[in-house]
Amino acid sequence: MNTVLAVTEIVKPIVEGLGLSLWDVRFEKEGSSWYLRIFIDRDDAPVDVLDCEKVSRAVDEPLDKADPISQSYYLEVSSPGIERELTRKEHFEQFLGAPVTLKLIRPVNGQREFVGELLSYEEGAVTIKVDEQTQMTAQKGEIASVKLCDFFEQDYDDTDMGGQGE
């Protein structure tokens, strides 16, 4: 069993027992160090530092006991964030209709990044609506990442503030 699956099996029931959901688990090497990253989420409010601390403390001993990772690593527990990366089928299903940024491994017509509405996810193929006339479908092997967009800053216009703009 690979490391991520083994860790997921151990931590998922613990995270859910704390009233949270497990968004993702990643085991990544950066430089000479390994990082076990556990991303948690909740439905009723944003994840806060106390949630991360609770999960970190709760999973530490079970991970040490099961010992699914042979080398030393740093444990990080965090929220997936506003511009969270969509990696699993259930992520894509949850955010159908949402604005996403699709980054490709290789450019198409000189462009690697596309922003649009997530229309579908079928067998690893992601389809977005780029504009009223254009849809784009990319296969899993062509995609570097798919992340939710946070348009808060891009949509800001001071004329929306009660007509007080210049």
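Axes, in what follows, are lines fitted to C-alpha atoms, for helices over the stretch in contact, and angles run from 0 to 180 degrees between N-to-C directions. The model on display is predicted.

**Whole chain**

Begin with the entire protein in a cartoon representation, coloured by secondary structure. Four helices and eight strands should appear. Traced from the N terminus, the elements follow the order α-β-β-α-β-α-β-β-β-β-β-α. Next, switch to a surface representation. The accessible surface of the protein amounts to about 10,700 Å², and carbon and sulfur atoms account for 47% of it. Of the 166 residues, 35% are buried. A contact map may be opened alongside: of the contacts between residues at least 6 apart in sequence, 51% link residues at least 24 apart.

**The three-stranded sheet**

Select residues 21-30, 33-41 and 74-78. The first range is strand S1 and the last is strand S3, while residues 33-41 form strand S2. Together these strands make an open sheet in the order S1-S2-S3, with mixed pairing. S1 and S3 are the edge strands, each pairing on one side only. From one strand to the next, the twist averages 20°.

Now restrict the view to S2 and S3. Their pairing is parallel and extends over five bridges. To locate a point on this pairing, display Ile 38, which stands opposite Val 77 of S3.

**Helices on the sheet**

Add residues 3-17, helix H1, and residues 49-66, helix H2. H1 lies across S1 and S2, and its direction is at about 145° to S1. H2 also packs on the sheet, where it touches S2 and S3; the angle between the directions of H2 and S3 is about 140°.

**The contact of H1 with H2**

Hide the strands and keep the two helices. The axes of H1 and H2 come within 10 Å and cross at roughly 145°. The crossing of H1 past H2 is right-handed.

Show side chains for the following selections:

- On H1: Val 7, Ile 10, Val 11, Ile 14 and Val 15 make the contact.
- On H2: Val 55, Ala 58, Val 59, Pro 62, Leu 63 and Ala 66 make the contact.

How do the residues of this contact divide into nonpolar, polar and charged? Colouring by residue class gives 11 nonpolar, no polar and no charged.

**Final view**

Restore the strands to see the two helices with the sheet. In this view H1 lies across S1 and S2, H2 touches S2 and S3, and the residues listed above join the two helices in contact.

Technical notes. Residues are numbered from 1 along each chain as its sequence is written. This is a predicted model: local features need pLDDT of at least 70, side-chain atom pairs count only at pLDDT 80 or more; totals for chains, interfaces and linings use all residues. Side-chain values use heavy atoms; hydrogens and water are left out. A crossing is left-handed if the near helix is turned anticlockwise from the far one by less than a right angle, and right-handed if clockwise. Contact means heavy atoms within 4.5 Å. Ala, Val, Leu, Ile, Met, Phe, Trp, Tyr, Cys and Pro count as nonpolar, Asp, Glu, Lys and Arg as charged, and the others, Gly among them, as polar. Buried means under 20% relative accessible area, exposed over 50%, partly exposed in between (1.4 Å probe, protein chains only). Accessible areas come from the Shrake-Rupley method with a 1.4 Å probe; for residues, only the protein chains shown count as cover. Two strands pair if DSSP finds at least two bridges between them.
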